[in-house]
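Let's work through some exercises together. Each one sets a task and then solves it step by step.

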Amino acid sequence: MEVIDLRPMLAPALSLACGIIVFLVGDRPFWRRFWSLSAATVKLVIVFSMLPGVLQGTVYRYSMIEFTPGIGLGFRVDALGMFFSLVSSTLWLITTFYAIGYMEHEHERARFFGFFALCVSTTVGIAFAENLLTLFLFYEMLTICTYPLVVHEETPEAMAAGRKYLVYTLIGGVFVLLGTAVTYQWAGTLSLAGRGILDISVGTQALTLLFVSFVIGFGVKAAIMPLHGWLPSAMVAPAPVSALLHAVAVVKAGAFGILRIVFCVFGVELLRDLGLGVWLAVAASVTIVTASLIALTQDNFKRRLAYSTISQLSYIVLGAALLTPLAALGAIVHIANQAFQKITMFFVAGAIQRTTGKTNIHEFAGIGFQMPYTMGAFTVAALGFIGVPLTAGFVSKWYLSLGAMESGDWIFVVVLITSSILNAAYWLPIIYMAFFKISPGTHLRIKEAPLLLLLPTLVCAVYVILLGSLAEVPGMPLSLARTAVEYFFGQ
Amino acid sequence: MSSSAILPLVVLLPILGAALVVPLARVSERARSTGLVVVTVLTGALVVWLVPGVLRGEHYSIRLFQMTPTIWVHLRVDPLGALFAVTAAVLWLLAVVFSFGYMADGHRKNRYYSFLMLALAWTLGVSIAGNLLTFLVFYELFSILTYPLVVHEQTPEAMRAGTKYITYIIIGGGLVLLAIMGTYFLAGAQEFGTVSYFESAQVGRTALLAVFWCFIAGFGVKAAIMPLHGWVPDAHPAAPAPFSAVLSGIMVAAGSFGILRVLHNVFGVELLRELGVALPLTILAAITVLVAAILAVPQNNLKRRLAFSTISQMGYVILGASLLSTSASIGAYVHIANHAFMKGTLFFCAGIFIKRAGIHDVSELAGIAKRHPVTVAVFTLTSLSMIGTPPLSGFISKWFLGIGMLDAEQPWYLAVLLGGALMAAVYLLPIVYTAYFKQPSGAVQRLPERQGRMEAPWSMLLPVLGGATLTVVLGVLAWLPGLPLSLAKLAAETLP
């Protein structure tokens with residue numbers, strides 16, 4: 001059932017307004033905090049208000065402008081979009097709290113929080129985009145809005161990373177635009193409402209090229225190798241930004257774009273006929289394993305996190321590429337699971353950096369005794385990535401693997417298992433460093449992170465366990481993902 | 001059924017105990033010790049309380065919460081699970097009490113006791129898991145969250161052993177997960193019960209074989225089937241003695257327990273016969289029994305020698321189970337309990353030698369019987385049992401295993417059984433000989449004449465004596481209903 005409703009438009013618009021107000025209030029801390037938190041809260045409330053309807057199959061839509069007939073700006077809330085916006089707005093609220101604590105003594109806070117709030121708006125725009133053009137528009141806006149955050153430190157290193165980020169993502173954007181234009185040419189519509197708008201009659205080769213163009217375009221942000229170069233460099237940004245880039249918005253926007261292309265533009269049937277899924281799955285598998293191997297060698301904590309992100313994102317791509325319902329379910333739910341696990345880790349990285357000034361793993365000896373709660377949260381997230389049952393990571397891995405079996409390609413199950421062993425190989429040494437490295441008898445004083453950094457970290461860690469053990473409770477992300485999958489596979 | 005409602009308590013109680021460790025330690029050391037004993041005894045009592053019902057054939061079972069639309073976290077007690085749970089709970093009580101003496105001057109005791117109690121919770125969870133996924137949940141927690149116990153001493157050797165341990169276990173866990181996912185994919189969501197997972201599923205032979213060997217390789221790492229045993233001889237000497245006891249008696253056995261579940265509840269005897277996979281498994285087990293026993297002989301470090309003995313003895317369990325005859329299965333099941341108490345006791349003795357005399361190596365034990373008469377006497381008794389001397393508990397296991405081999409019309413495995421027993425004599429009796437009859441070594445001579453009134457504190461002697469009593473009781477009175485043998489018999493009759 002489709003309902004015309006103002007809320008799909010209000011969610012991005014109101015948070016956009018709040019973002020602009022943040023710019024206007026400038027350097028008045030109270031009002032800046034007030035409007036930053038309002039932006040995040042308002043969005044969360046609006047998004048949540050649509051959740052019960054979406055779970056029952058209602059689709060909310062709102063069209064704004066038509067540029068030319070059939071092409072316009074429109075918002076539409078289906079289960080997949082709802083899923084993405086729910087995850088990003090929940091995390092955004094938590095991250096805003098963290099950012100307020102983290103950025104306390106930084107410069108240019110008005111700019112930082114202003115753009116931070118603008119990102120809220122654009123991400124939800126991506127999630128709710130009704131057609132490819134709207135998606136593209138917000139996708140590009142996200143790039144622009146995150147640039148000032150990436151270069152926030154304004155060191156030469158940060159500026160270089162920012163340039164690299166822009167070059168990669170803008171070139172990616174060009175490919176998306178190219179794909180969008182070609183799609184319109186062939187399909188006569190850009191709608192993302194169906195289960196595929198393209199038709200095999202266009203020709204296999206042409207469709208393959210179109211698919212590749214889209215995968216390159218969105219793959220830059222989704223960091224499919226070898227398009228991942230910007231991500232490790234962008235680690236110079238402050239921790240809340242890294243959290244935002246990695247867990248919530250930017251990379252997920254890429255992964256979300258790929259999901260939209262696979263399920264809504266091409267459709268499962270067409271991709272099966274074209275036989276393109278396997279190639280994408282292979283590319284994703286290579287990324288999963290290679291990035292994990294590189295992560296093993298990184299000593300800088302945030303760089304290790306960055307390569308882990310690259311590896312984990314390809315879980316989502318792999319799940320989409322397998323073209324089976326269970327794999328798709330795993331892919332979608334991994335958006336949430338990876339987000340909560342990774343954001344916990346970034347919060348930990350930021351808290352350690354702020355409290356002790358340490359950024360390299362070999363310096364972490366004994367840190368578990370100085371910051372027991374922070375490292376406890378890290379341990380939970382690490383166990384999640386390894387895929388220990390009852391944590392969020394297990395749920396994703398379970399459905400992805402079953403989906404891989406369903407597709408008949410058992411090799412991808414082996415890839416997933418290998419990946420979780422590699423995850424153990426690069427996360428456990430950090431726990432070892434933190435809790436077991438120092439010789440017994442040494443007494444370290446507890447020196448925890450400030451509450452504003454610690455609480456968001458702990459909240460996310462608790463979420464990791466809730467997402468794993470209560471996955472089947474209605475209203476949890478899994479139920480929403482299931483609604484989306486049922487629609488895409490026409491069940 | 002209302003009594004089923006206590007099943008979650010079996011797991012929750014030790015977790016509560018773990019949570020209480022730190023607050024109680026704030027009060028006093030004594031409060032912590034009391035709390036630990038109370039919690040362990042209560043947990044043990046709960047588990048034991050289930051036994052009469054299980055023997056009557058009652059089915060305790062409870063579904064807790066959903067993990068997927070068709071799979072629940074499901075707790076269920078069957079005779080085999082009850083056998084393992086009772087063994088674990090009782091051995092844990094001994095180990096906890098022994099720890100009070102052993103760890104008296106140790107460091108980070110709160111961490112040690114917390115994780116020890118958590119490990120009990122996970123073990124009991126493994127025993128009463130009602131389906132494969134629930135099993136996996138507790139199995140993985142048990143594997144990963146015991147790392148702090150393995151490396152507890154934090155010496156360089158302990159850290160290396162810990163790294164080796166976690167590497168082996170994670171890879172093994174990955175294989176188990178792979179196999180479990182394969183099973184759910186091929187057979188659908190089922191529960192452990194009177195029907196095996198694959199009984200009604202139409203599955204191709206290749207897939208079944210792949211899943212089977214994946215399971216064996218995964219669980220085999222923990223069950224120390226050769227050549228997957230690498231972590232065992234390093235982890236045991238490195239860990240604190242009371243945890244070595246648990247490591248040998250329960251942790252390695254948890255791998256074997258997993259294999260038993262796979263053989264019976266996942267595949268079922270019929271299907272295994274059809275697939276013809278039992279024979280290669282039997283051969284692997286036979287090799288493990290003999291080779292590990294031979295490797296044990298030259299080890300000078302006492303705990304290392306005992307670790308190889310564990311590998312060899314756990315081979316018996318797999319050997320017995322893979323023969324697919326009822327008597328051999330009874331022998332295999334009852335050996336899990338018997339071995340746990342025997343090996344636990346031996347490690348407790350080794351712990352007394354380490355803490356009271358500072359002796360780690362067999363060669364330095366010369367003449368120690370004069371200073372530690374009780375400990376050496378118990379060591380001797382338990383060694384004899386391990387070799388299979390009637391009427392001690394080790395004999396009971398061997399007897400049923402032997403009968404089973406004859407039943408299965410494969411008498412040549414008797415050679416393995418006797419060979420293993422012979423080798424046990426070769427690696428254990430020289431220790432006894434050294435302790436009694438050799439001239440006191442330097443280490444022993446350097447010991448002060450009298451260390452208090454007794455050779456060791458009560459907290460260390462009681463578990464040793466308790467273990468010795470169990471070794472005798474489980475041998476002489478093995479037929480008493482409620483003891484492991486009755487559960488093993490029932491398990492062998494009822495498992496698919």
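**Exercise 1. Place Ser3(B) in chain B and decide whether it is buried, partly exposed or exposed.**

Step 1: Ser3(B) lies in the segment before α1 (7-27) of chain B; helices (H or I, at least four residues) and strands (E, at least two) are DSSP runs, numbered from the N terminus. Before going on, note that this is a predicted model, in which local features need pLDDT of at least 70 and side-chain atom pairs count only at pLDDT 80 or more, while totals for chains, interfaces and linings use all residues. Residues are numbered from 1 along each chain as its sequence is written, and chains are lettered from A and ligands numbered from 1 in the order in which they are written.

Step 2: Ser3(B) has 13 other C-beta atoms within 10 Å, so it is partly exposed. The cut-offs are 20 or more for buried, 12 or fewer for exposed and in between for partly exposed, with C-beta atoms placed from the backbone.

Step 3: Leaving aside residues up to four places away in sequence, Ser3(B) touches Gly53(B) and Tyr60(B); contact means C-beta atoms, placed from the backbone, within 7 Å.

Step 4: Between the C-alpha atoms of Ser3(B) and Leu474(B), 471 residues apart along the chain, the separation is 28 Å.

**Exercise 2. Work out the strand order of the open sheet in chain A, and which strands stand at the edges.**

Step 1: The three strands follow the order β1-β2-β3, with mixed pairing; strands pair if DSSP finds at least two bridges between them.

Step 2: β1 (2-4) and β3 (71-77) of chain A are the edge strands; each has a single partner strand, so one side of each lacks a neighbour in the sheet.

Step 3: β1(A) and β2 (residues 59-68) of chain A run parallel, joined by three bridges. Ile4(A) stands opposite Arg61(A) in β2(A).

**Exercise 3. Describe how β2 (residues 72-77) of chain B is paired and enclosed.**

Step 1: Strand β1 (residues 60-66) of chain B runs antiparallel to β2(B), and five bridges join them. One bridge partner pair is Ser61(B) and Arg76(B).

Step 2: The link from β1(B) to β2(B) is a hairpin through five residues.

Step 3: Because six of the six residues of β2(B) are buried, the strand is largely enclosed by the rest of the structure.

Step 4: In a regular strand the side chains alternate between the two faces of the sheet. In β2(B), Trp72(B), His74(B) and Arg76(B) cover one side, while Val73(B), Leu75(B) and Val77(B) are on the other, all of them buried.

**Exercise 4. How does the radius of gyration of chain B agree with that of a compact globule?**

Step 1: For 496 residues, a compact globule would have a radius near 23 Å, and chain B has 21 Å, which agrees. The radius is taken over C-alpha atoms, and the globule rule is 2.2 Å times the number of residues to the power 0.38.

Step 2: Along the principal axes, the C-alpha atoms of chain B fill a box of roughly 70 × 55 × 45 Å.

Step 3: Buried residues account for 62% of the 496 residues in chain B, whose secondary structure comprises 20 helices and two strands.

**Exercise 5. Which helix supplies the largest share of the side of chain A that touches chain B?**

Step 1: The contact takes 19 residues from chain A and 22 residues from chain B.

Step 2: α17 (392-407) and α18 (411-436) of chain A each supply at least two residues of the side touching chain B. The largest share, seven residues, comes from α18(A).

Technical notes: Contact = placed C-beta atoms within 7 Å.
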